[in-house]
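Here are my notes for you, written as you might get them from a colleague. Keep the 3D view open and find each spot as you read.

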Amino acid sequence: MKKKGTARLGLLLTLLLAFTVVLAACGGDTNNSKATGNNNVPADNAGKAAQPVEKVKLKVATWAGAEELREFEELIAKVNTSATDYEIKVQSIPADYYQKLQTMIAGKQSPDFMWLSQEYIAQYASLGAIAPLDEHLSGIENYNAEDYYQGTVDVGTYANKLYSLPWISQPYMLYYNQDMFEKAGVELPTNDWTWEEFIAAGKQLTKDGDWGALLNNIPTSMYTWSYGGDVFDKEGNITLDSPESIKGLEMYQKIVNSGITPARAQADSMGNGDMFKTGKVAMYVGGASDDFERTANFKIGMVVPPHGTEQVTFSWIGVTAMANTTANPTVATKALVDMTNAIHKWKVVAPTKSGFDEIKTSRPDKEYAVETIRQASEIARGFNNQPKQGEIDGAIWEKLTQAIEKGEDVNTAVQSTIKKINDITK
Amino acid sequence: MVIYGMGSKQKKIWRNIILYVLLGAFSISTLFPLIWMISTSLKSGDVIFAIPPQFLPDGFHWENYTRAITEINFFVLFKNTAVITFFHLLSNVFVSAFVAYGFARFNFPGKNIWFLLVLSTIMLPGEVTMIPVFIGFSAIGWTNSILPLVVPGFFGGAPVFIFLLRQFFLSVPKDLEESAYIDGASSFTIFYKIFLPLSVPALVTIGIFSFQGSWNDLLGPLIYLNDADKFTLTLGLSMFKGVMKVEWGPLMAGSILALLPVLAVFFMAQKYFVEGIKMSGIKG
C-alpha cells in the first residue's frame, strides 16, 4: 500500500511539473511585451540588438470602451499605415484605469503613451512618470502649436514645460429649454449674459415645481475665474482669498440663495442631466457634446455660460502624455503628434481652431451651435493643476463648496479651505 | 381580528397565507434585480433610461446579445476565464486541503506560530501588497500572462480555506487514521483516502467560493493582463462601461451570459454547498 501511495505521489508531482511547463508556455510572450512596452527596442529570437530599419514599437494606454475602443484601434491602424519609423499598439485598460496605470509605472512597465484627464498631469510630471515634450516637438513639421486653444495647452504645462498634447476639450455650455422660456415669457439667454441676468431669468422660471437652473457640474473654482480670481495662480501660489476670488464665491452663494436651483442631493438622486432632459429645469450647464439635442423632446438652445467681470468657462480636457521611460523619445513624440492630429478628426470637440469643421460632419445636431462652441473654446480653461490636485479637489468640495451651499460665511470657508490645502501641500 | 373565534385549522391556513405572502414578497424583491437585468438586456438604448422607468422591454432586442458576443470577443474571453478559474480552483481546493491536513494532524516546531502567520495574511488587504507583488512578477517577466493569477495558489492555497479545512479536519476522529497507520498506510494515503473523501461537502463549498471568486475577479486580471485577447470576462464586460457612456444593453446581455456558468455550478453543487456551510458552521 505504501509503495502504491508513493507511486501516486510521484504521479501527482509529475502532473504538477507538467502543469508548470504548460503555464510557462502560456506566459511565453512576456519577454516580447517587455521589449515593446519597456525598452521599445525590438529584439529578435536570439536576443540580438534590433536593426535600425525596424520600426520603434510603442504602446498607448486608453480607457476607451467597446465601440470607442474599436474606433480608436481603426484610427491607430491608419496612423501605423502611414508611419515609416514606428508602430503603435493599443493597450486597453477597461476598468480602474489609473490604478492599473500607476501599478504599471511602479513596476517599470509603463506604456509609452497614456491618456490622462487634466488633473493627473501635474502629479505624473512631478513624479517623473511622464516626459516633457518641448525639446522633441520643435523639429516636428505637422505640430502646429498655434492651432491649439491656449486653455488646453495650459493644463498640460507643468513647471513651464509642456507634458502632454490635448485631444479633446469639452467646454461647459449653458443649455436652455426654449419651450419653458417661451411659455414663461422670459427673454432667451445670450452669449454675454451676466450672472445677475441669469438669476433674474431663473427666478421667473422657478415655479410650479420646475426649477430655473441646475449648475452642479460647474467646478467651484469657475466662479472665482468669473471675477478674475483663482484657487492657485500659475506659479502655484494660493489666491483663493484674493478679493476677486471672494467676489466670485459670493456670487455662487447668491445663486444658491436665490432658490432657482434644486438642492444638490435632490438633483443627484434624480440624475442631473435627466432633470433637464425631462423638462424639470430650464437651464443646465453641461459639456458641449452632451446629447440633449438627440434625446430631449423640446427645443434646445445653447449659449456661453454667464460671466462676472471676465468671460470664462471650464473645459473637461483629455490629453495624451508620453512616458519618461520610452526608449526613443524623438520618434515617440513624432508618433504622438501624428496620433493626436488623427484623434482631432475623430473626437468632438477638438482642442484646435482647425478642428471645428469636424463638428458639422460628426455631430450634425450641434451644427446650430458651432459658433457658440467656438466662442466658448476660446475662453475655456482647466485648473492650474497641482501635483496633489486630487486631494485638493476633495478639500475644495468638503471645505468650500459644501460650506457655501450650506450658507456659511464665504471668508470663513475660504480660510478653512486654505488651511486644509496647506496641510495637503506642506 | 381574524384569528379570534377561528378553529386551529383556520388559524393554520391564515398563518400559512401570511407566511407565503411575506415570503413571496421577499423572493420578488430579491429576484427583482435579476429580472431587471434580463429585461434590460432585451431593451433598446432609448428605453433603458426612459422616465418613467419602463419595466418591460420594447420588443426583443437580441442585438444586445450579438454585440456582447462580437464586440468583446466573448468566447475567447470565456475560454481565458475558464482556464484561470480551473487552475485557481484546483490550487485553492487541493493545496489548501494539503496544507490544512498538515496543520491539523502533524506536530512540528512552531506549528501555532506558522498557523498564526498564515491567518494573519487574511487580514492583509490585497491592495496593500498589489504593487510590490506586481514589481516582483514584473521582474521575473510573468506580467501579461496568467502565471501570476494561478501559480501562487499552488504554493500554499488560500489562507481562508486552509483555516476552514483545518477546523474541519480536526473534527475527523483520530481512530480512523490510527487504524489506517496500523494497516500500513502512509500519511499521504490517509490524506487522500480518508480525509478527502470525508470532507467532500467542505471541499465542494470551498470549490464554489473559489470558482465564484476567480470567475468574478476583476482586479487580478486587470493588473496582470495587458493584451485584449488575454482578458477575462469581467474585463471584457468593463469595456461596455465607458467614461462618458455606458452601453447598458450589451453590458447586461454579456453579464447574463457570464452568469450562466456560475448559476449552473451553484445548482449542480447546491446540495453540497448548503451541507458544507451547515457542517463547517457547526464544526468550526
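The points below go through chain A, one histidine in it, a pocket and a glycine in chain B.

1. A quick caution before you start: this is a predicted model. Please keep that in mind for each value that follows.

2. Let's begin with chain A as a whole. Its secondary structure comes to 19 helices and 11 strands. The chain has 426 residues, and 54% of them are buried. On the outside, chain A exposes about 18,700 Å², with carbon and sulfur atoms supplying 50% of that area.

3. Now think about which parts of the sequence meet in chain A. Take the contacts with a separation of 6 or more: 75% of these are between residues 24 or more positions apart.

4. Next, zoom in on A:His344. You'll find this residue in helix α15, which covers residues 329-344 of chain A. Is A:His344 buried or exposed? Its relative accessible area is 6%, and buried means under 20%, so A:His344 counts as buried.

5. What does A:His344 touch, leaving out residues up to four places away in sequence? The list is A:Tyr148, A:Pro166, A:Trp167, A:Ala350, A:Pro351, A:Thr352 and A:Glu358. Have a closer look at A:Pro166: its backbone oxygen is 2.9 Å from a polar atom of the A:His344 side chain.

6. Switch to chain B for the second largest pocket. Its volume is about 1,400 Å³, and 37 residues line it. If you want to find the centre, the lining residues nearest to it are B:His88, B:Gly126, B:Pro152, B:Gly157 and B:Pro159. Several helices of chain B give two or more residues to this lining, including α4 (74-105), α8 (159-170) and α11 (200-215).

7. Which element gives the most to the lining of the second largest pocket? That is α6(B), with 6 residues. As for the character of the lining residues, 23 are nonpolar, 12 are polar and 2 are charged.

8. Last stop: B:Gly184. Look for this glycine in the loop that joins α9 (174-182) to α10 (187-198) in chain B. Its relative accessibility is 33%; partly exposed covers the range between 20% and 50%, so B:Gly184 is placed there. Then try locating B:Pro132 as well. The two residues are 52 positions apart in sequence, and their C-alpha atoms are 46 Å apart in space.

Methods
Residues are numbered from 1 along each chain as its sequence is written. Chains are lettered from A and ligands numbered from 1 in the order in which they are written. This is a predicted model: local features need pLDDT of at least 70, side-chain atom pairs count only at pLDDT 80 or more; totals for chains, interfaces and linings use all residues. Side-chain values use heavy atoms; hydrogens and water are left out. Helices (H or I, at least four residues) and strands (E, at least two) are DSSP runs, numbered from the N terminus. Buried means under 20% relative accessible area, exposed over 50%, partly exposed in between (1.4 Å probe, protein chains only). A polar contact is a pair of N or O atoms within 3.5 Å; within protein, one must be able to donate a hydrogen and the other to accept it, and residues adjacent in sequence count only if both atoms are side-chain atoms. Contact means heavy atoms within 4.5 Å. On a 1 Å grid over the protein atoms alone, a cavity is a set of points where a 1.4 Å probe fits but cannot get out, and a pocket is an open set with protein on both sides within 12 Å along at least five of seven lines; lining residues have an atom within 4 Å of a point. Grid points are joined across faces, edges and corners, and a volume is the space filled by probe spheres set on the points. Ala, Val, Leu, Ile, Met, Phe, Trp, Tyr, Cys and Pro count as nonpolar, Asp, Glu, Lys and Arg as charged, and the others, Gly among them, as polar. Accessible areas come from the Shrake-Rupley method with a 1.4 Å probe; for residues, only the protein chains shown count as cover.
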